[in-house]
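Biologist: I would like a close look at one part of this model. Please take a single residue as the way in and work outward from there.

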Amino acid sequence: MVENIVLGIGLTAMAGALATVAGAAEDTESDIGSQGDPNSQVQLAPQMGYVHRIFNKAIAGEPPAYGLWVALGAGITGALLAMGINVILALIIGTVLTTLVQGVYATTAYLGRIASLAKFGQPVYVDILKSMTTVTMAHAFIAIFTTVAMCYLMNAALGHPFPLALLGVVWGIALGAAGSATGNPFYGKERQYQNQKFGAGVPVAASGNIVRYAEAGERNSLDNGWFTSKMGGPASGICFGLIVFLELWRTVVFEEISVWGPIIVGLAFVIAFAAMDRYIETWARKTYGPYVKEVSA
Amino acid sequence: MSVTPKPAGGVGMDWMSMGIGILIMIAIIGAVYIWFPPASGLMGFLDPSNIFMALIAIIVGGALIGIGVHFVPVGGAPAAMGQAPGIATGVAMLAGGAGLAGLFGGAWAAAIEPDPGIWVVCMAGAVGGALMMAITCMFVNVIYVYAMGIPAASGKAKVDPITGDTQTEYKSQGTEGHGLPFISFVGGVVGGFLGGLGGTLIYYVLLEWVYVDRLLSDALGAPAVANVTPIAVSLAGMFAIGLFLVNAVLAAYNITGTIEGPHDPKFARWPRAVVATAVASAVCGIVAIGIVAV
């Protein structure tokens, strides 16, 4: 029993590490492609007269898009495994084929979204299409490979009953949800609206006025990926890594003691995170202070 | 031109459409009652492992998902610019992420031998969803506070109903608020809990009360349990995910765009969503049951 738990903890740590890399790659990929909610600003800018060279492939939210890609990768991998192909090879072939699908998606999405802005004078830049698509594909490859590998560990080594493709849907959607929740504000507010005041939200009146110029020449989405990979990407990675690690760890370790063990430990974690969140909230209120003095009624 | 306003929906009930929906639901429940009559007597009726009770449980699970989605604080695109409080993604997507993470935990608990029972499985799913939302909500505030230097402030409440913190003076100029005040954090956790609970309830009843029994007894040449379980698990998982997404999207339409959590005036729309998700779950439930029971 002890050996099982030790092996389980090792696998859990491995899955958590894979999830952390997946989260970071996913957020960077989505920021380069403007897949998250800030796509609305990329789309709005030309309508306000701000023509730009930002990539935009948002024709689906991050969670459904990643649900599709990871499920596809996991499905192909599962099919190859059923044919008796080596695990690593199956994972790589499955991910490569999925990445090609992602590339087709990114190309058609960019052309469709940007072409719809033609009447506002926004050109379709072929050099942007050539250089950004391959970079998003590279990041998507990492995100999909690590997530499918993590799903494989859950299914084959930890004994989760779901087949690989179903785990792909579940964790693909969760990956997109965690990555977009954590990474979107950093890309949307901190990068697209770098010209606005730090430490305050973007006023509604500034909508559409995204930053379009870089240190040299016009800004493109590779600059945005470089910027968000410093904070938004790693934070999304830690967020998704924690979700996967704690979800697995509490089950692997405490299920041996009692079937209620993982549930009680999970509730304890929820309370701990609530306390941490409250600490962060009050820390911000004390440290940054109010924007205006309190108006007494 | 500024941000296009979202279509606003009131909190009132459209009794005509509600009535039609409820009639459809009653018709489906009645059809299943006639089609698969429970054993005679009160105990037979209350016996959980009959198909009629499975349909009722699916409807309850769907309604739980519908209510849960209303608790989740979702700010959409404005939240990504620090223009509105909430989590910067779509309602259905976030609820889906949390509910499916819960379903993962619930399905794992359901695989324990011997069967740990419906309460353990459903609580495992509920806590899985709540934990996913707790981590995600905390990281939203981590990003806002430590990466962007913005404190949390609600746009819909002057005072946080739980902590009593004043909100108005922490809103930056020209915005409706930003980040996740504590009430929104709690709303997110409760939403994840209810979503995980509902999704796992649907999974459990489909698996244990419908698919395993039916696949064992039907015209598949009396297969062994070990051969049937993977098929039953896959079918139940697929239908649970499908039902989850149907209900989450329906509830998202009821919310129309963004919601801050239980203190948001839009939260009062939840009774509509309960009726709508119950009807949709009944329609989807009869398909999920009929695929093996016919």
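Is B:His178 buried or exposed, and why?

Modeller: This is a predicted model. B:His178 counts as buried, because 31 C-beta neighbours lie inside 10 Å; the cut-off for buried is 20 or more. B:His178 sits in the loop between α6 (118-147) and α7 (182-217) of chain B.

Its surroundings come from both chains. Beyond its neighbours within four places in sequence, B:His178 is in contact with A:Gly201. On the chain B side, its contacts are B:Gly82, B:Pro85, B:Tyr144, B:Ile150, B:Ala152 and B:Ala153. There is also a long-range approach: B:Ala84 is 94 residues away in sequence, yet the C-alpha atoms of B:His178 and B:Ala84 are 4.9 Å apart.

B:Tyr144 leads on to the helix pair. Within α6(B), B:Tyr144 is one of the residues that meet α6(A). The others from α6(B) are B:Met132, B:Thr136, B:Phe139, B:Val140, B:Ile143 and B:Ala147. Facing them from α6(A) are A:Ala174, A:Ala178, A:Ala181, A:Thr182, A:Pro185, A:Phe186 and A:Glu190. By class, this contact holds eleven nonpolar residues, two polar and one charged.

Now the geometry of that pair. Two packed helices are described by the angle between their axes and the distance between the axes. For α6(A) and α6(B), the angle is about 15° and the axes are 10 Å apart. α6(A) is therefore roughly parallel to α6(B), since angles under 35 degrees count that way. The crossing of α6(A) past α6(B) is right-handed.

Step back to the whole interface. Chain A puts 71 residues into the contact, and chain B puts in 73. On the chain A side, the elements giving two or more residues are α2 (39-47), α3 (62-82), α6 (164-192), α8 (232-254) and α9 (261-288). α6(A) gives the most, with 17 residues. The chain A side has 46 nonpolar, 15 polar and ten charged residues.

α2(A) deserves its own look. Eight of its nine residues are buried, so α2(A) is largely enclosed by the rest of the structure. The buried residues are A:Asn39, A:Ser40, A:Gln41, A:Val42, A:Gln43, A:Leu44, A:Ala45 and A:Pro46. They pack against α4 (87-115) and α6 of chain A, and also against α4 (76-80) of chain B. Both flanks of α2(A) carry a backbone feature. Just after the helix, A:Gly49 takes a positive phi of about 95°. In the loop between α1 (2-32) and α2 of chain A lies A:Ser34. Its phi is near 50°, a positive value in a residue other than glycine. A:Ser34 is buried, because 28 other C-beta atoms lie within 10 Å.

Chain B has backbone features too. The loop between α5 (91-110) and α6 of chain B holds B:Pro114. The peptide bond from B:Glu113 to B:Pro114 is cis, with omega near -10°. Further along, B:Thr256 lies in the loop between α8 (225-255) and α9 (270-293) of chain B. B:Thr256 also has a positive phi near 50°, and it is a residue other than glycine. B:Thr256 is partly exposed, because 14 other C-beta atoms lie within 10 Å.

Last, the domains of chain A. The assignment gives domain 1 (2-245) and domain 2 (257-288). Their centres, taken over C-alpha atoms, are 27 Å apart.

Terms used. Residues are numbered from 1 along each chain as its sequence is written. Chains are lettered from A and ligands numbered from 1 in the order in which they are written. This is a predicted model: local features need pLDDT of at least 70, side-chain atom pairs count only at pLDDT 80 or more; totals for chains, interfaces and linings use all residues. Helices (H or I, at least four residues) and strands (E, at least two) are DSSP runs, numbered from the N terminus. A residue is buried if 20 or more other C-beta atoms lie within 10 Å of its own, exposed if 12 or fewer, and partly exposed in between; C-beta atoms are placed from the backbone. Two residues are in contact if their C-beta atoms, placed from the backbone, lie within 7 Å. Ala, Val, Leu, Ile, Met, Phe, Trp, Tyr, Cys and Pro count as nonpolar, Asp, Glu, Lys and Arg as charged, and the others, Gly among them, as polar. Axes are lines fitted to C-alpha atoms, for helices over the stretch in contact, and angles run from 0 to 180 degrees between N-to-C directions. Angles under 35 degrees count as roughly parallel, over 145 as roughly antiparallel, 65 to 115 as roughly perpendicular and the rest as oblique. A crossing is left-handed if the near helix is turned anticlockwise from the far one by less than a right angle, and right-handed if clockwise. Domain bounds come from an automatic or database domain assignment.
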